[in-house]
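Student: Hey, I've just opened this one and I'm a bit lost. Can you walk me through it?
Tutor: Sure, have a look at it first.

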Amino acid sequence: MSIPPQDPANPESPVLVSAPAAIEVREAVEPAARRNSIGLWLRDLLFSAAVSLLIILFLYQPVRVEGTSMAPRLEDHDRLFINKFVYHITSIERGDVVVFHYPRDPAKSYIKRVIALPGDRLRIDHGQVWVNGKQFAENYVPEMYRDSKSYAEIVVPDDSYFMMGDHRSISSDSREFGPVERDLIYGKAVFVYWPARDVGEVK
């Protein structure tokens, strides 16, 4: 189909575009729009990946559990994230599962549960923990993992924390090496990501 010439008597008369030409214009625009949409999607994906990487690098750190002193919640070779920033804005609390440098060899790291805070009076009577004169409830310690050891009453020093493993009968903890200084604690265990059977929050 040809394009009719303009009317010489009316130079502003409209020029008609044939149907095939209109289709060609539309088909040229649509691929460009799709490419633009894909580019925006890739940009957002890369941005999200970069932000996630920064969060992991600066807020969280992946670690691997070695040993069974925190069983049954944490098993040997479990992999989890620890939050390295949280204790800069919040206090360490009883029951927190924390990672710290081993007091007798700071090159090694231990993961244990906080049992007593600075200034607390703590004693252990045949496996039963007492804090400030009250029995300390420990539902996370199964009966089969308890022991009958005792520990003479102490007052936890300032800026120190008394740590114990959940598997009491095999754990090397503050009953052996004493309270842990605050400066040695560098993270809170928050989430197990491997293996699949153990995935979940650390409580």
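Tutor: Let's fix some words. Helices (H or I, at least four residues) and strands (E, at least two) are DSSP runs, numbered from the N terminus. Two strands pair if DSSP finds at least two bridges between them.
Student: Okay, and what kind of model is this?
Tutor: This is a predicted model, where local features need pLDDT of at least 70, side-chain atom pairs count only at pLDDT 80 or more, and totals for chains, interfaces and linings use all residues. Residues are numbered from 1 along each chain as its sequence is written, and side-chain values use heavy atoms, with hydrogens and water left out.
Student: How many helices and strands does the protein chain have?
Tutor: There are two helices and 12 strands in the protein chain. Along the sequence they come as α-β-β-β-β-β-β-β-β-β-α-β-β-β.
Student: What order do the strands take in the open sheet of four?
Tutor: The order is β7-β6-β5-β8, and the pairing is antiparallel.
Student: Which strands stand at the edges?
Tutor: β7 (134-135) and β8 (151-155) do; each has a single partner strand, so one side of each has no neighbour in the sheet. β7 is joined to β6 (residues 128-131) by two bridges, running antiparallel. In that pair, V131 sits opposite K134 of β7.
Student: And what does β2 pair with?
Tutor: Strand β2 (residues 79-83) has five bridges to β1 (residues 60-64), antiparallel. β2 also has five bridges to β11 (residues 185-194), again antiparallel. On the β1 side, P62 faces F81 of β2; with β11, I82 of β2 stands opposite A189.
Student: Let's stay with P62. Is P62 buried or exposed?
Tutor: Neither: P62, in strand β1, is partly exposed, with a relative accessible area of 43%. Buried means under 20% relative accessible area, exposed over 50%, and partly exposed in between (1.4 Å probe, protein chains only).
Student: What does P62 touch?
Tutor: Leaving out neighbours within four places in sequence, P62 is in contact with L80, F81 and Y193. Contact here means heavy atoms within 4.5 Å. The C-alpha atoms of P62 and F191 are 9.5 Å apart, with their positions 129 residues apart along the chain.
Student: How much of the whole chain is buried?
Tutor: Buried residues account for 33% of its 203 residues. As for contacts between residues at least 6 apart in sequence, 56% join residues at least 24 apart.
Student: Which residues have the most contacts inside the largest nonpolar core?
Tutor: That core has 14 residues, and V98, F100, V114, Y161, M163, V180 and I185 have the most contacts inside it. A nonpolar core is a set of buried Ala, Val, Leu, Ile, Met, Phe, Trp, Tyr and Cys residues joined through side-chain atoms within 4.5 Å. β3 (97-102) and β9 (160-164) are the elements giving it two or more residues, and β3 gives the most, with three.
Student: Is there a second core, and what does it include?
Tutor: A second, separate core has 12 residues, including V63, L80, A189 and V202.
Student: New topic: how much space is in the largest pocket?
Tutor: About 280 Å³. On a 1 Å grid over the protein atoms alone, a pocket is an open set of points where a 1.4 Å probe fits, with protein on both sides within 12 Å along at least five of seven lines; lining residues have an atom within 4 Å of a point. Its volume is the space filled by probe spheres set on the points, which are joined across faces, edges and corners.
Student: What lines the largest pocket?
Tutor: There are 15 lining residues, and V65, E66, S109, Y110 and I111 are the closest to its centre. β4 (105-116) gives the most to the lining, with four residues.
Student: Anything odd in the backbone?
Tutor: Most residues other than glycine have a negative phi, and most peptide bonds are trans. The bond from A71 to P72 is cis, with omega near 10°, and the one from W194 to P195 is cis too, with omega near 0°. H77 has a positive phi of about 75° although it is not a glycine.
Student: Where does H77 lie?
Tutor: H77 is in the loop between β1 and β2, and P72 is in that loop as well.
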